[in-house]
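The following paragraphs offer a guided reading of one protein structure. Please keep the sequence and the three-dimensional view at hand while following them.

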Amino acid sequence: MLPDPVGPMRVAVVAETFLPAVNGVVGSVLRLVDHLAVRGHDPVVVAPSGADYESRCGARVQVVTVPAMRLPRYRQLALARPAGDLTAVLRRLAPDVVHLASPAVLGLAAARAARTLGIPSIAVFQTDLAAYAQRYRLPGGAAAAWRYLRTVHGTADLTLAPSSASAAQLARHGIGPVALWPRGVDLEQFAPCRRDDGLRAALAPGGELLVGVVARLAVEKRLELLAPLSELPGVQLVVVGDGPQRRALTREMPRARFLGQLGGTELGAVVASLDLFVHPGADETFCQAVQEALAAGVPAVVAASGGPLDLVRHRENGWLWAGDDPQVLAATVARLRVDPAAVRAAAALARPSVESRTWGRVGDELIGHLQRLRHAVPA
């Protein structure tokens, strides 16, 4: 292990969701915890699910669970119960700093406990709760969600935003101080060399343009907008992921290939075997799946909003799709189907556009934020 030159920290990583759930927040937490351990720090996870485990680097990671509940329409996802008090938990763990991963219910409790105990805390803005509130028609809508987010992030000492669009959004809603902290990408799991011609032939036996998306199959991802694209002649749509909308999407897009939840080398091979990656979500604070596709040498077609604006440069490593019209998205893909030279040119620029964004580099950036906060906030 490589020791940190400033000195080891005990870091309480508070996660709204954790294993066995599979989502962007869980993936980021696992990467963060592993990097902290590699650098000689002592991470401990506080979450509504999970158990002690061995990280990728071989370190034993303690997981402290809190009382949980499950959403009526999302039974596979365990969330912390409201009104919990984490003061006793944090007092017992005695961390030097508290890291709040996409804080909401559990994150607010942890931020309040940290403030009570004089422990500095850092909050990562990763999930656009206001957009969720609007799409799921929750009471109070986006306005109520932003009031809540101001309370959560205002209790922490620093907020980290994953993209410039998210940082600007937070500032508009009165949240600060904010620093930029993007996501890393696994350049071994997602690489052009993972392309599998046999797999590609199985997915597109007629030599179709192979277009894919990797996402949680939920309302906020707007995957139903891919329906016209899925019917294009000479195009085969592949959908990777699972979630509450899977049955409805399968009915709506009968020609699409639904592969379910994939991971590891299997996911890397599927992504690298695509010709184009598409993502219709308009509320992405970052969109890790887009970055992974680019790392695999696959150009992306994305909605021109949110986090993907930091990743996709129009007509260079991909294409931006403006608006909510699925016919326009389908027309964009149809045009690219008959212009393989444009697709090849974008593919050549895809991996170079993200290859500096390693997990090691962004992990060290986060450690820098944690160390500065640790020494700036008096105990």
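**A walk through the predicted model**

Leu 259 is partly exposed, its relative accessible area being 26%. That figure lies between the limits that matter here, since a residue is called buried under 20% and exposed over 50%. The model under discussion is a predicted one. Leu 259 belongs to strand E13, which covers residues 257–260. Its C-alpha atom is 35 Å from that of Asp 364, and 105 residues separate Leu 259 and Asp 364 in sequence.

The discussion now turns to helix H1 and the spaces inside the protein. How many cavities of 30 Å³ or more does the structure hold? There are two cavities of that volume or more. The largest cavity contains about 50 Å³ of space. Its lining consists of Val 25, Ser 28, Val 29, Leu 32, His 99, Ala 101, Val 124, Gln 126, Trp 181 and Arg 183. At least two residues of this lining come from helix H1 (24–38), and at least two from strand E7 (97–101). H1 gives the most, with four residues. By class, the lining of the largest cavity comprises six nonpolar residues, three polar residues and one charged residue.

The second largest cavity holds about 40 Å³ of space. Around it are Ser 102, Pro 103, Val 124, Phe 125, Gln 126, Thr 127, Leu 129, Leu 149 and His 153. This lining has five nonpolar and four polar residues, with no charged residues. Val 124 and Gln 126 appear in the lining of the largest cavity and also in that of the second largest cavity.

Helix H1 also contains Arg 31. Is this residue buried or exposed? Arg 31 has a relative accessible area of 18% and is therefore buried, because the limit for that class is under 20%. Its side chain makes a polar contact, at 2.8 Å, with the side chain of Asp 186.

Several loops show backbone features that merit attention. In the loop between strand E1 (10–15) and H1 lies Pro 20, and the peptide bond joining Leu 19 to Pro 20 is cis, with omega about 10°. A cis peptide bond also runs from Gly 176 to Pro 177, where omega is near 0°. Pro 177 is located in the loop between helix H6 (164–172) and strand E10 (178–180).

Two arginines have positive phi values. For Arg 222, a residue other than glycine, phi is near 55°. This arginine is placed in the loop between strand E11 (209–214) and helix H8 (227–230). Arg 315 has a phi near 65°, again a positive value in a residue other than glycine. Its position is the loop between strand E15 (300–303) and strand E16 (318–321). Which of the terms buried and exposed applies to each? Arg 222 counts as buried because its relative accessibility is 6%, whereas Arg 315 counts as exposed because its value is 66%.

Two helices show how burial can be arranged around an axis. In H6, the residues Ser 166, Gln 169 and Leu 170 are buried. When H6 is viewed down its axis, these buried residues fall within an arc of 100°, so they line one face of the helix. The face turned away from the buried side of H6 carries Ala 171 and Arg 172, which are exposed.

Helix H12 is formed by the twelve residues 326–337. What span should they have at 1.5 Å a residue? The expected value is 16 Å, and the C-alpha atoms at the two ends are 17 Å apart, which agrees. The buried residues of H12 are Pro 326, Leu 329, Ala 330, Thr 332, Val 333 and Leu 336. Viewed down the axis of H12, they fall within an arc of 155°, so they line one face of this helix. At the N-terminal end, H12 is capped by Asp 325, which has a side-chain oxygen 2.9 Å from the backbone nitrogen of Gln 327.

Definitions and conventions
Residues numbered from 1 in each chain as written. Predicted model: local features only at pLDDT ≥ 70, side-chain atom pairs only at ≥ 80, totals over all residues. Heavy atoms only, no water. Expected span 1.5 Å × (residues − 1). Buried < 20%, exposed > 50% of the residue type's maximum accessible area, 1.4 Å probe, protein only. Arc of directions from axis to C-beta. Polar contact = N/O pair within 3.5 Å; in protein donor to acceptor, adjacent residues only side chain to side chain. 1 Å grid on protein atoms, 1.4 Å probe; cavity = no way out; pocket = protein on both sides within 12 Å on 5 of 7 lines; lining within 4 Å. Points joined across faces, edges and corners; volume = space filled by probe spheres on them. Nonpolar A, V, L, I, M, F, W, Y, C, P; charged D, E, K, R; others polar.
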